[in-house]
Amino acid sequence: MQQIVVALSPFTRRSRSLGVSHTDLGLDRGLEPGEHLLVHDPVADEHFTAVVGDIAFELAETSYRLEIGTRITAAEAAERLGPPSDDGRLTTQDIVALLAALRRGERDVAAALADLRAR
């Protein structure tokens, strides 16, 4: 799971939405729509879940709108960022990944059904 480190303004906390630049964040890869992330606010030392809501491509930059989710503890963030467990038990990270895959699948099915209806 990818972690974004950015200070959250009071407005961002209220609106639960954050616009970020690929270059400003120094990301090593592009983010995908619907991708689950962690957001760490180093000023308040708080961690939040987030989902990539929108992506905008420009000639020299890619921008993302993140939908800020629930606040989680530092221990929960570390668990989600850590490697998967080898003991066969599902971790919180495993469940989040399964839910993300389910949502992507649901969007794909909805798009295919809309395409069939349009024909």
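Reader: Why does Glu46 count as buried?

Author: In this predicted model, Glu46 has 13% relative accessibility. Buried means under 20%, so Glu46 counts as buried.

Reader: What makes the pair of Arg13 and Glu46 a salt bridge?

Author: The N to O distance between the two side chains is 2.7 Å. The rule asks for a side-chain nitrogen of Lys or Arg within 4 Å of a carboxyl oxygen of Asp or Glu, so the pair qualifies. It links distant parts of the chain, with Arg13 in helix α1 (residues 10-15) and Glu46 in strand β4, 33 residues apart.

Reader: Why is Arg13 called partly exposed?

Author: Its relative accessibility is 27%. Partly exposed lies between the limit for buried, under 20%, and that for exposed, over 50%, so the term applies to Arg13.

Reader: How many salt bridges does this rule give?

Author: The count comes to seven. One of them joins Arg29 to Glu35, whose closest N and O atoms are 2.4 Å apart. Here Arg29 is partly exposed at 36%, whereas Glu35 is buried at 13%. In another pair, the side chains of Glu67 and Arg65 meet at 3.1 Å, N to O. Glu67 has 36% relative accessibility and Arg65 has 28%, so each counts as partly exposed.

Reader: Which residues are joined into one network by salt bridges that share partners?

Author: The network consists of Arg13, Asp41, Glu46 and Arg71.

Reader: How do you know that His47 is buried or exposed?

Author: The value for His47 is 10% relative accessibility. Since buried means under 20%, His47 counts as buried. The residue is found in strand β4 (residues 46-57). Leaving aside neighbours within four places in sequence, His47 is in contact with Gln3, Val39, His40, Thr70, Arg71, Ile72, Thr73, Ala74 and Ala77.

Reader: What makes β3 and β4 paired strands?

Author: Six bridges join strand β3 (residues 36-41) to β4. Pairing needs at least two bridges, so the two strands pair, and they run antiparallel. Within these strands, Leu37 stands opposite Ala50 in β4.

Reader: In what order do the five strands form the open sheet, and what stands at the edges?

Author: The order is β1-β3-β4-β5-β2, with mixed pairing. β1 (2-5) and β2 (17-21) stand at the edges, because each has a single partner strand; one side of each is therefore left without a neighbour in the sheet. On average, neighbouring strands of this sheet are turned by 40° against each other, direction ignored.

Reader: Which helix packs on the sheet, and which strands does it touch?

Author: Helix α3 (residues 74-81) packs on the sheet, touching β1, β3, β4 and β5 (62-72). The direction of α3 makes about 130° with that of β5.

Reader: Which residues form the nonpolar patch on the surface?

Author: Leu90, Ile95, Leu98, Leu99 and Leu102 form the patch, with about 490 Å² of accessible area together.

Reader: What makes Ile95 eligible for a patch, given its relative accessible area?

Author: Patches take residues with over 30% relative accessible area and no salt bridge, and Ile is among the nonpolar side chains. Ile95 has 41%, so the area condition is met. The same 41% makes Ile95 partly exposed, because the value lies between the limits of 20% and 50%. Ile95 is found in helix α4 (residues 92-118).

Key
Residues numbered from 1 in each chain as written. Predicted model: local features only at pLDDT ≥ 70, side-chain atom pairs only at ≥ 80, totals over all residues. Heavy atoms only, no water. Patch = residues over 30% accessible without salt bridge, like charges linked within 9 Å, V, L, I, M, F, W, Y side chains within 5 Å. Areas by Shrake-Rupley, 256 points an atom, 1.4 Å probe, with all protein chains shown as cover. Helix = DSSP H or I, 4+ residues; strand = E, 2+ residues; numbered from the N terminus. Buried < 20%, exposed > 50% of the residue type's maximum accessible area, 1.4 Å probe, protein only. Contact = heavy atoms within 4.5 Å. Axes fitted to C-alpha atoms, helices over the stretch in contact; angles between N-to-C directions.
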